[in-house]
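Here's a quick briefing to read alongside the model. Have a look at the fold first, then go through the notes by topic.

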Amino acid sequence: MYTDPIADYLTRIRNAVRANHRVVEIPASNLKKDITKILFEQGYILSYKFDDSTVQGTIKIALKYNKETKEPVIKKLQRISTPGLRKYVGANEMPRVLNGLGIAIVSTSKGVMTNKKAIAENVGGEVLCYVY
């Protein structure tokens with residue numbers, strides 16, 4: 001049993017990208033589904049599918065690669081807030097990832113969103129991870 005499901009989610013994607021897999025399958029939760037939707041909307045993954053045939057369900061993610069160079073679109077996934085040390089920020093202290101080229105995924109009172117959307121809606125929250 002793992003104690004940090006978000007870190008497990010990010011590690012599974014990171015390992016699949018390094019092994020040049022096309023699809024990765026991950027146990028589902030509502031938070032993981034929200035993070036997957038954000039990754040798709042921001043163009044970091046090709047597509048996703050939620051499979052609710054089992055009790056917990058699974059998420060199938062099709063990873064995205066550059067057509068010419070065959071390099072993955074996701075360069076780095078970094079967990080920020082951990083169960084042992086939570087990282088909370090206000091709307092005016094929202095982090096910039098790679099000087100605005102990457103995204104931070106933030107869990108706010110208005111749902112899970114990117115750092116840019118959180119700044120636009122003027123809400124703070126827990127910084128889950130950085131993606132670039």
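How many helices and strands does the secondary structure of the chain come to? The answer is three helices and eight strands, counted as DSSP runs numbered from the N terminus, with helices being H or I over at least four residues and strands E over at least two. Keep in mind that this is a predicted model, where local features need pLDDT of at least 70, side-chain atom pairs count only at pLDDT 80 or more, and totals for chains, interfaces and linings use all residues. Residues are numbered from 1 along each chain as its sequence is written, and side-chain values use heavy atoms, with hydrogens and water left out.

**Fold and dimensions**
- Starting at the N terminus, the order of elements is α-β-α-β-β-β-β-β-β-α-β.
- The radius of gyration of the chain is 15 Å, which agrees with the value near 14 Å for a compact globule of 132 residues; this is taken over C-alpha atoms, and the globule rule is 2.2 Å times the number of residues to the power 0.38.
- Measuring along the principal axes, the C-alpha trace spans about 40 × 40 × 25 Å.

**Packing and surface**
- Among the 132 residues, 42% count as buried (under 20% relative accessible area; exposed is over 50%, partly exposed in between, with a 1.4 Å probe and protein chains only).
- Take the contacts (heavy atoms within 4.5 Å) with a separation of 6 or more: 60% of them come from residues 24 or more positions apart.
- About 7,600 Å² of the chain is exposed, and carbon and sulfur atoms supply 50% of that (Shrake-Rupley method, 1.4 Å probe).

**Charges**
- The chain has 21 positive and 12 negative charges, and their mean positions sit 4 Å apart.
- Lys and Arg count as positive and Asp and Glu as negative, leaving out His and the chain ends; each charge is placed at NZ of Lys, CZ of Arg, CG of Asp or CD of Glu.

**Aromatic rings**
- There are two aromatic pairs (Phe, Tyr or six-membered Trp rings with centres within 6.5 Å; planes under 30 degrees apart are stacked, over 60 edge-to-face, the rest tilted).
- F40 and Y48 are edge-to-face, because their planes stand at 75°, with the ring centres 5.3 Å apart.
- Y48 also pairs with F50, and that pair is tilted: 5.1 Å centre to centre and 45° between the planes.
- F40, Y48 and F50 form one aromatic cluster.
- F40 is partly exposed at 37% relative accessible area, Y48 is partly exposed at 29%, and F50 is partly exposed at 26%.
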